[in-house]
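Visitor: Please show me the structure, and then let me ask how each term is justified.
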There are 2 protein chains.
Amino acid sequence: MDQRKTALIFKAFCDENRVRILNLLRGGEKCACRLLEEMSISQPTLSHHMRILCDSGIVVGRKEGKWMHYRICSEGVQLAKEYLDGLTNAQTLDEEKPCCE
Amino acid sequence: MDQRKTALIFKAFCDENRVRILNLLRGGEKCACRLLEEMSISQPTLSHHMRILCDSGIVVGRKEGKWMHYRICSEGVQLAKEYLDGLTNAQTLDEEKPCCE
DNA sequence: TTTACATATTGACAAATGTAAATCTATTGA
DNA sequence: TCAATAGATTTACATTTGTCAATATGTAAA
């Protein structure tokens with residue numbers, strides 16, 4: 001369980017604007033200009049968030065001419081779900097001594 | 001879909017030290033002093049992270065005498081999973097016009 | 001009621017993050 | 001080739017976050 005990678009993946013979900021962007025992308029692939037229309041942030045700020053979303057693996061971009069089309073990446077989402085499971089499922093390894101009794 | 005709440009929940013997973021703490025708690029309930037032993041951070045810093053983990057709903061604390069025992073909260077985890085699903089599942093509402101063609 | 005101990009809170013500070021203006025790059029169309 | 005457009009990058013700055021020392025709070029033991 002790589003802590004650095006885990007933190008990187010979930011950076012996608014811990015900022016309100018990025019959550020908003022993901023919600024918009026649930027409706028299907030959208031280009032940056034369309035996202036920009038629906039958000040109240042500047043173009044460089046959108047670009048910054050799109051980079052973080054792509055770095056996390058939750059979103060992928062596709063360039064078509066002048067336009068960048070972004071969509072939610074199901075493989076990335078699947079990985080996030082596996083990490084979330086892995087992080088929160090109990091592990092039954094060696095019997096733990098009770099703590100501070 | 002509340003963006004603020006979503007961001008709050010996933011704050012639990014976007015810092016390396018908190019990921020580390022969650023991994024430690026997978027072995028079962030642990031008191032703060034035990035967590036402190038296994039991490040290389042100060043006591044106030046641990047306390048700070050435990051507050052964020054509790055605020056996110058992923059961890060709950062139980063006070064017993066001088067000690068605080070922390071454990072992963074399965075209800076909180078379940079909610080996080082639902083939010084993750086909700087954020088990343090495609091919605092099939094009105095047919096979207098193709099973007100920027 | 002002291003004393004010791006576990007943990008939380010406060011305060012200060014450095015590092016990371018979010019933001020927008022200005023600029024750069026790439027692509028299209030005239 | 002030149003102008004226009006979409007988006008990324010750079011720069012600067014304000015806010016947020018992570019960190020620890022010092023202190024406060026609460027509990028148990030002497």
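Visitor: How much area do chain B and chain A bury between them, and what makes it count as buried?

Guide: This is a predicted model, in which local features need pLDDT of at least 70 and side-chain atom pairs count only at pLDDT 80 or more, whereas totals for chains, interfaces and linings use all residues. Residues are numbered from 1 along each chain as its sequence is written, chains are lettered from A and ligands numbered from 1 in the order in which they are written, and side-chain values use heavy atoms, with hydrogens and water left out. Chain B and chain A bury about 3900 Å², 59% of it on carbon and sulfur atoms; the area is called buried because it is the accessible area (1.4 Å probe) that the two parts lose on being put together, summed over both.

Visitor: Why is the pair A:K81 and B:D85 called a salt bridge?

Guide: The closest N and O atoms of A:K81 and B:D85 are 2.6 Å apart, and a salt bridge requires a side-chain nitrogen of Lys or Arg within 4 Å of a carboxyl oxygen of Asp or Glu, so the pair qualifies. The count between chain B and chain A is four salt bridges.

Visitor: Which residues come nearest to DNA strand D, and what makes a residue near?

Guide: A residue is near a strand if one of its heavy atoms lies within 4 Å of it; of the 25 residues around DNA strand D, A:Q43, A:S47, A:Y70, B:T45 and B:H49 come nearest. Sugar and phosphate account for 69% of the atoms of DNA strand D that come within 4 Å of the protein.

Visitor: How do you know that A:Y70 makes a polar contact with DNA strand D?

Guide: A polar side-chain atom of A:Y70 lies 2.4 Å from a phosphate oxygen of DNA strand D, and a polar contact is a pair of N or O atoms within 3.5 Å, so this pair meets the cut-off. For B:T45, the distance from a polar side-chain atom to a phosphate oxygen of the strand is 2.8 Å.

Conventions
A polar contact is a pair of N or O atoms within 3.5 Å; within protein, one must be able to donate a hydrogen and the other to accept it, and residues adjacent in sequence count only if both atoms are side-chain atoms.
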